[in-house]
Amino acid sequence: MRVAIFDRIEPYVPSGLPFRSVQTCSRHTATAFLLLLIPIVVALGFGCTFLIVQAAAAPAARAVVAQQPALALEILAALGFLAYLLALPLKRLLDRLAVHRTVEIDKAVVTVTEGKNFRSWTWTAPLNSFVGITHHVRASLSGTRHELILIHPERKKSVLVGVGDHMLQEDIDRVAVLLGQSVVPPKELYRLNAMWPHLPKLTWWRPAHV
């Protein structure tokens, strides 16, 4: 599940082990954007459907399509791409209303329980299988937030462990030592290993446990 989808974490940063974090989304914000987006999607969908019906009923339009079938395919492809551009933010907003995650970390294992659409599932990973912790700054329409992310070679298994309006370097270093991880740059979130986990894993220097 995408790290970016969660914007509420309790507690906001680990203070000790074992650590348990409850992560949810701001439903008020998602609902407000959804109420704004749905009328736009309905209006554009109705307009496109109306144009297609009118064109199909017009002899001149049918003649043009018969003479240039490639043009009809291009129009359909453009409409399909427009539908995708509208459906993607709509799906993400609906996801925000339905998802939640609980992260539990001890000295050896990370346990994550995720829920979506009345379903839940749990997965685990050894703490030493993660490649580091990073301080990531994310900008959005609602502002800027600072994230602490525990990075896994499989990108979907990267875990958000802290979030706030700002993040002190001493907090980042403290959490890294607490989890026995090295601090790595944010670009490690987007390395090839994160997108294609079958590639050989990178090795990292890790600080000794304190």
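**Salt bridges and strands: a quick chat**

Author: Let's start with a salt bridge in this predicted model: the side chains of E147 and R138 meet, at 2.7 Å from N to O.

Reader: OK, is E147 buried or exposed?

Author: E147 counts as buried, because its relative accessibility is 0%. Its partner R138 has 22% relative accessibility, so R138 counts as partly exposed.

Reader: And what about the strand at residues 143-151, how many of its residues are buried?

Author: That's β7, and seven of its nine residues are buried, so the strand is largely enclosed by the rest of the structure.

Reader: Which strand pairs with β7?

Author: β8, residues 159-164, in the antiparallel sense over five bridges. One pair to look at is I149, whose bridge partner in β8 is L160.

Reader: Back to charges. How many salt bridges are there by this rule?

Author: Five. One of them joins the side chains of E114 and R101, at 2.2 Å from N to O. E114 sits in strand β4 and R101 in strand β3, so this pair ties together parts that are 13 residues apart in sequence.

Reader: Are those two buried or exposed?

Author: Both E114 and R101 are buried.

Reader: What about R174, which residue does its side chain meet?

Author: D171, in a salt bridge of 3.9 Å, N to O. They are three residues apart in helix α4 (residues 169-179), so about one helical turn separates them. R174 is partly exposed, at 34% relative accessibility, while D171 is buried, with a relative accessible area of 15%.

Reader: Which residues are joined into one network by salt bridges that share partners?

Author: R138, R145 and E147.

Reader: Switching to the sheet with β3 and β4. What's the strand order?

Author: It's an open sheet of five strands, β1-β2-β3-β4-β5, with antiparallel pairing. β1 (8-10) and β5 (119-126) are at the edges with a single partner strand each, so one side of each has no neighbour in the sheet. On average, neighbouring strands here are turned by 15° against each other, direction ignored.

Reader: How many bridges are there between β1 and β2?

Author: Three, in the antiparallel sense, with β2 covering residues 19-24. E10 has V22 in β2 as its bridge partner. Then β2 is joined to β3 (residues 100-105) by five bridges, again antiparallel, and R20 has E104 in β3 as its bridge partner.

Reader: And what joins β3 to β4?

Author: A hairpin, through three residues. Six bridges join these antiparallel strands, with β4 running over residues 109-116, and V103 stands opposite V112 in β4.

Terms used
Residues numbered from 1 in each chain as written. Predicted model: local features only at pLDDT ≥ 70, side-chain atom pairs only at ≥ 80, totals over all residues. Heavy atoms only, no water. Pairing = 2+ DSSP bridges. Helix = DSSP H or I, 4+ residues; strand = E, 2+ residues; numbered from the N terminus. Axes fitted to C-alpha atoms, helices over the stretch in contact; angles between N-to-C directions. Buried < 20%, exposed > 50% of the residue type's maximum accessible area, 1.4 Å probe, protein only. Salt bridge = Lys/Arg side-chain N within 4 Å of Asp/Glu carboxyl O.
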